[in-house]
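Open the model in your viewer and keep the selection tool at hand. We will go from one residue outward to the whole chain.

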Amino acid sequence: ISAEYPTSVKTLLEAGIKTVDAVVLGPGSTLSGAPDMETDARILAAVLQVQDAVLTSKRRDAPHLVAPIRRYATSKLASQYLEVLAAEHVGGEESTAGAPATVPAAAAGSALEGAAAARPNSTGGWLSVLGGHNGSSGAVDAGSLPASAIICEPEFLVPNDVTSALMTQVVSEPAYSEIMKALLFTSDGMELYLRNPASFNIPPGMKALSTAAGHRQAVT
């Protein structure tokens with residue numbers, strides 16, 4: 001999204017967040033040399049705004065979320081916040097079943113404190129999700145939508161670790177280098193489909209032939 005505030009609720013709604021399957025966040029070029037804490041704080045704020053936009057759109061499910069982070073603690077903080085929010089929904093849905101959901105007080109406290117520290121820079125943000133109201137954003141109360149509208153199991157990637165993992169794979173199996181080049185260094189775009197071997201009636205541990213970079217070899 002190319003906009004002055006790309007993760008504001010208004011911009012996300014205009015971009016069609018109500019129907020997308022996934023949202024991929026980036027740190028932005030202005031944060032390339034920023035400290036890790038500042039970069040992750042911006043990412044956390046963006047996560048909260050994306051969740052607010054999802055609720056505001058009144059869609060019944062949530063898109064998959066992918067975001068880069070610098071510190072592992074950031075992923076825990078974001079996940080705790082989303083878990084607390086989801087628990088509020090589950091508690092409302094199960095009120096008739098007599099099985100209220102509970103969340104550890106420590107988790108709830110740290111999640112909400114972290115959310116406050118990463119408050120987004122636009123009106124109608126995460127405060128509306130927690131029960132506040134802003135007429136311009138159109139945000140809805142968290143309890144009026146199902147728990148499926150809360151982002152579940154977001155993917156937080158540490159770029160340096162991803163690069164190290166790719167390099168390790170190439171060193172271990174040089175034939176993978178051609179696959180990596182095709183996936184990472186072409187501007188045309190590539191799609192990679194992973195299938196469970198069981199769908200081809202291949203039992204776990206069975207050796208099969210792979211043809212990578214023109215070489216045939218047995219792999220398990």
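Select Leu 65 first. Leaving aside residues up to four places away in sequence, Leu 65 touches Val 23, Leu 25, Val 47, Val 50, Ile 151, Pro 154 and Glu 155. Keep in mind that this is a predicted model.

**The core**

Now show the largest nonpolar core, which has 27 residues. Which of its members touch the most others? They are Ile 17, Leu 25, Val 50 and Leu 65. Colour by element next. Helix α1 (9-14), helix α2, strand β2 and helix α3 (72-93) each supply at least two residues of this core. The most come from α2, which gives nine.

**The sheet**

Stay with β2 and select its residues, 64-68. Add strand β1: the two pair in the parallel sense, over three bridges. Find Val 23, and you will see Leu 65 of β2 standing opposite. Then bring in β3 to complete an open sheet of three strands. The order is β1-β2-β3, and the pairing is parallel. Which strands form the edges? Those are β1 (22-24) and β3 (155-157), each pairing on one side only. Look along the sheet: from one strand to the next, the twist averages 15°.

Next, select helix α2, residues 36-57. This helix packs on the sheet and touches β1, β2 and β3. Compare directions: α2 makes about 165° with β2.

**A helix pair**

Move along the sequence to helix α6 (residues 159-172) and helix α7 (residues 176-184). Their axes come within 8 Å. How do they cross? At roughly 145°. Show the side chains at the contact. From α6, pick Leu 166, Gln 169 and Val 170. From α7, pick Tyr 176, Ser 177, Met 180 and Leu 184. By class, this contact has five nonpolar residues, two polar ones and no charged ones.

**The whole protein**

Zoom out and show everything. The protein has seven helices and five strands. Trace the chain from its start, and the pattern reads α-β-α-β-α-α-α-β-α-α-β-β.

Switch on the surface. About 13500 Å² is accessible, and 57% of that belongs to carbon and sulfur atoms. Of the 220 residues, 33% are buried.

Finish with a contact map. Take the contacts with a separation of 6 or more: 72% of them join residues 24 or more positions apart. The pairing of Val 23 with Leu 65, standing opposite each other, is a good place to return to.

Conventions:
Residues numbered from 1 in each chain as written. Predicted model: local features only at pLDDT ≥ 70, side-chain atom pairs only at ≥ 80, totals over all residues. Heavy atoms only, no water. Axes fitted to C-alpha atoms, helices over the stretch in contact; angles between N-to-C directions. Helix = DSSP H or I, 4+ residues; strand = E, 2+ residues; numbered from the N terminus. Contact = heavy atoms within 4.5 Å. Nonpolar A, V, L, I, M, F, W, Y, C, P; charged D, E, K, R; others polar. Pairing = 2+ DSSP bridges. Core = buried A, V, L, I, M, F, W, Y, C linked by side-chain atoms within 4.5 Å. Buried < 20%, exposed > 50% of the residue type's maximum accessible area, 1.4 Å probe, protein only. Areas by Shrake-Rupley, 256 points an atom, 1.4 Å probe, with all protein chains shown as cover.
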